Amino acid sequence: MSPETLVLDVTARLVGLACALQALELLALRPAWGKGGVFAFAVLRDDLRALPAALRPLLGRLLDAPGFGVVLRVRLLAALITLATAHPAALPVLLATHVLVSLRWRGAFNGGSDAMTLVVLLGLNAAALSPALARGALLYIALQAALSYFIAGVVKLRGPRWRSGSVLTEIAAAERYQAPALAARLLARPAVARTAAWAVMLFDTCFPLALLGPRLAFMFVAAALVFHLLNTWLFGLNRFLLAWAAAWPAVIYAGALLGG
Amino acid sequence: MSAALGALLALGLAATVFLPRTTVRGPAVHLFRAFFPSWRFFEDTGPAPRLMHRLVGPDGTAGPWLDTLPPVSRGPLALLYNPAGNLRLAFGSLVDQLVAELATLDEAALARGDLRALDALVPYRLVRRLVSERVGSGLAPAPAPALAYQIRLVLDDPRCAPDEREVVFESPVLTAEAARDDGAPP
């Protein structure tokens, strides 16, 4: 088995797990997207005016309540097949259903995690087209993962309130993220918030160093695991953990390949 | 890593820092935005908007402003599977989209009471359905037969006392029945 095949196998299984859990979550949320739900397709249909008229009837069937349930079940099945076998046959189904789910939620259900899942699925589908594309596909996933941390770090560094740590205090206290009371209390202390903010910014902006060698790649991926686990505990961002985890094998591969 | 690849990577990273940001807008782009990730997580854009509502009785008496979204508890399983928490985050994104689209409306028309453009906004209609559901479900203390309410968006700034937070939007008095639309803008 070539290194590329091994990394693609692990990546496919991880994204299969991520997609299976995403599909299960959305199936559990049927009251929200069903006929009488807040996100009823009857209202969201207006968004589809931006798309070609010929596509709208088909999309309407796939995105309205009974059809969308079928889409989610097909996605779950394809995800479980990918998780169990890493067979590339289910990858186009995962990609197509991922785009449909994003459309159903006005572009994204969960922002960045949908984008990273898409990056990984695009890479895996490209690699499945031809073995010659495998290396490029993995480098694409690794580069997007490195960029995701780097850009997030740079925009934070530019913000004076991030540099002082006050943004972190604000996020931890925000009603939206419902951080545990202990974390909110800790991050209400300026020194703790400033230290934590700088740790996040340094980790984020330095992440591209992972591409300089396998040892660095493992170190950054280990740090990323801690970072995402903390984000999940603090802010409930569980989808980010598995979406980014699916990209980490490609980061390690790129570190080994580019760093020699 | 070869020097050429290293230089290319450094150049690419520098470009993301120093090149001017180009924002591409449009309804189709918005629908496919997962294809164009910005990766600008938690950019310092100020406090997030917070969704509130208040009930209005038949005699026009308004109750206190209430948080629309109830807290969601997170157990150990939420590390991997957290549908209620993710739905809550999706509601947060919906409120962000509403604020962004409100900024595109003609303020003069709104001030004149012309609410057609407001009523046509998909996020506004979704938020109305959300509040209407909360009012109707008993999650909010609704004094029967009051099914009229108002929506308010305030900036969730922990430095301000709850009643001093900046109000970015306040709807006219709405009825819960009107929010249960079949898709056509009310």
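**Chains A and B: helix packing and domains**

Colleague: Which residues of H8(A) meet H1(B)?

Modeller: From H8(A) the residues are A:Leu147, A:Phe150, A:Ile151 and A:Val154, and they meet B:Leu13, B:Thr16 and B:Val17 of H1(B). Keep in mind that this is a predicted model.

Colleague: How do the residues of that contact divide into nonpolar, polar and charged?

Modeller: The contact of H8(A) with H1(B) has 6 nonpolar residues, 1 polar and no charged.

Colleague: And at what angle do the two helices pack?

Modeller: Helix H8 of chain A, residues 134-158, packs against helix H1 of chain B, residues 3-18, at about 35 degrees. Their axes are 10 Å apart.

Colleague: Is the crossing left-handed or right-handed?

Modeller: Right-handed, where H8(A) passes H1(B).

Colleague: Now the whole interface. How many residues of chain A are in contact with chain B?

Modeller: 59 residues of chain A, and on the other side 53 residues of chain B.

Colleague: Where does the largest share of chain A's side come from?

Modeller: From H8(A), which gives 8 residues to the side that touches chain B. By class, that side of chain A has 33 nonpolar, 14 polar and 12 charged residues.

Colleague: Change of topic. How many helices and strands does chain A have?

Modeller: Chain A has 15 helices and 0 strands.

Colleague: How does its radius of gyration sit with the globule rule?

Modeller: The radius of gyration of chain A is 20 Å, and the globule rule gives 18 Å for 260 residues. The two are close, so chain A is as compact as a globular protein of that length. Along the principal axes, its C-alpha atoms fill a box of roughly 55 × 50 × 30 Å.

Colleague: What percentage of chain A counts as buried?

Modeller: 50% of the 260 residues. As for contacts in chain A between residues at least 6 apart in sequence, 70% join residues at least 24 apart.

Colleague: Which domains is chain A divided into?

Modeller: Domain 1 covers 1-129 and domain 2 covers 138-260. Their C-alpha centres lie 25 Å apart. The contact takes 19 residues from domain 1 of chain A and 16 residues from domain 2 of chain A.

Colleague: Which helices supply domain 1's side?

Modeller: Helix H1 (3-28) and helix H7 (112-129) of chain A each supply at least two residues of the side that touches domain 2. H1(A) gives the largest share, 11 residues.

Colleague: And the classes on that side of domain 1?

Modeller: The side of domain 1 of chain A that touches domain 2 has 11 nonpolar, 7 polar and 1 charged.

Definitions and conventions
Residues numbered from 1 in each chain as written. Chains lettered and ligands numbered in written order. Predicted model: local features only at pLDDT ≥ 70, side-chain atom pairs only at ≥ 80, totals over all residues. Helix = DSSP H or I, 4+ residues; strand = E, 2+ residues; numbered from the N terminus. Rg over C-alpha atoms; globule rule 2.2 N^0.38 Å. Buried ≥ 20, exposed ≤ 12 C-beta atoms within 10 Å, placed from the backbone. Contact = placed C-beta atoms within 7 Å. Axes fitted to C-alpha atoms, helices over the stretch in contact; angles between N-to-C directions. Left-handed = near helix turned anticlockwise from the far one by under 90°. Nonpolar A, V, L, I, M, F, W, Y, C, P; charged D, E, K, R; others polar. Domains from an automatic or database assignment.
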